[in-house]
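Please explain how this chain is put together, beginning with a single residue and moving outward to the helices around it and then to the chain as a whole.

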Amino acid sequence: MGINHFILALISLTCLFSFSTSTDAPPPLFDASGSASLKLYDMIEIMSESPSPFAFDGTILESIEDVLSILPGGVDPALQEICGNTDHPVECIKATMPFLDEKAPIKPLSVLKAGVEAMDNQTKNALAEVTKLSMNPTTLKNVVPILQTCIDVYNNILNNDQKSLEAITNHNLVKLSTELGANVENVLGCENAFKQAKLESPMKEMDAKLAKIISNTLTIGVDLVHF
């Protein structure tokens, strides 16, 4: 990749994300026609769903680390660094940002707590969706027991989330690792139940997102937090 193209991409991306100095509110991003487009958070969501390598403004970014390295100040550098140590850094940023205390310093422990809250929130969304499906009169009878398995899976994850928060409060790293590790296995339960029945899981996308949050939270809890 030519250095000039990379510099142009960096400048373009920085301009897209930069915050106006003349107003407290961030300016909108603009498309080719000049109409308002996406804010920083929305662009992070798009990047997290894009396949690697990333194509931006005609320039190929070989890895998600390349993307993170040129993100501007809209994402706190400390959060970038912490999430950069996970397997899914953009998903880490996107998931934890809504749960971080803006007044508190960003450290591995605060990002860990935010990750558990994000995991809990995503699990509750999945639980609500699968419960609705199980109660839908049009749902096939042979699918209902599989959906019940998914309900059990999500309840187990929620239970482990609370135990994880207790472990954080008690500075119990062994307990924390156990509960987060259990969720890595739990999140596979719903998908595996549908696979065994040779059916496509309606929860596939939600489970994939949840799995990334769980993976990231485990990495932060085990590798970056030191009680």
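In which helix does isoleucine 213 lie? In this predicted model, isoleucine 213 lies in helix α10, and with a relative accessible area of 5% the residue is buried, because buried means under 20%. Leaving aside the neighbours within four places in sequence, isoleucine 213 is in contact with Glu91, Ala95, Gly115, Ala118, Met119 and Gln122. For one of these partners, alanine 95, the separation can be given both along the chain and in space: isoleucine 213 and alanine 95 are 118 residues apart in sequence, while their C-alpha atoms are separated by 7.1 Å.

The contact with alanine 95 leads to a pair of helices. Helix α5, which covers residues 89–96, packs against α10 at an angle of about 95 degrees, with the two axes 9 Å apart, and α5 and α10 are therefore roughly perpendicular to each other. On the side of α5 the contact is made by Glu91, Cys92 and Ala95, and on the side of α10 by Lys209, Lys212, Ile213, Asn216 and Ile220. Sorted by class, the residues where α5 meets α10 are four nonpolar, one polar and three charged.

Helix α10 also packs against a second helix, and here the geometry is of another kind. The axes of α8 (residues 173–186) and α10 (residues 204–224) come within 9 Å and cross at roughly 160 degrees, an angle over 145, so that α8 and α10 are roughly antiparallel to each other. The crossing in which α8 passes α10 is left-handed. To this contact α8 brings Leu173, Leu176, Ser177, Leu180, Gly181, Asn183 and Val184, whereas α10 brings Ile214, Thr217, Leu218, Gly221 and Val222. By class, the residues in the contact of α8 with α10 comprise seven nonpolar and five polar, with no charged residue.

The loops beside these helices hold several residues that deserve a look. Histidine 171 is found in the loop between α7 (144–169) and α8, and although histidine 171 is not a glycine, its phi is positive, at about 55 degrees. Lysine 198, in the loop between α9 (189–196) and α10, likewise is not a glycine and has a positive phi, of about 60 degrees. With a relative accessible area of 77%, lysine 198 is exposed, because that value is over 50%. Methionine 97 has its place in the loop between α5 and α6 (108–135), and at 27% relative accessibility methionine 97 counts as partly exposed. The C-alpha atom of methionine 97 is separated by 8.8 Å from that of valine 75, a residue 22 places away along the chain.

What pattern does the chain follow when read along the sequence? The order is α-α-β-β-α-α-α-α-α-α-α-α, which amounts to 10 helices and two strands. Among contacts between residues at least 6 apart in sequence, 64% join residues at least 24 apart; the pair of isoleucine 213 and alanine 95, in contact and 118 residues apart along the chain, is an example of such a contact. Of the 227 residues in the chain, 37% are buried. The accessible surface of the chain comes to about 12,600 Å², and 55% of that surface belongs to carbon and sulfur atoms.

Technical notes:
Residues numbered from 1 in each chain as written. Predicted model: local features only at pLDDT ≥ 70, side-chain atom pairs only at ≥ 80, totals over all residues. Heavy atoms only, no water. Axes fitted to C-alpha atoms, helices over the stretch in contact; angles between N-to-C directions. Helix = DSSP H or I, 4+ residues; strand = E, 2+ residues; numbered from the N terminus. Parallel < 35°, antiparallel > 145°, perpendicular 65-115°, else oblique. Left-handed = near helix turned anticlockwise from the far one by under 90°. Contact = heavy atoms within 4.5 Å. Nonpolar A, V, L, I, M, F, W, Y, C, P; charged D, E, K, R; others polar. Buried < 20%, exposed > 50% of the residue type's maximum accessible area, 1.4 Å probe, protein only. Areas by Shrake-Rupley, 256 points an atom, 1.4 Å probe, with all protein chains shown as cover.
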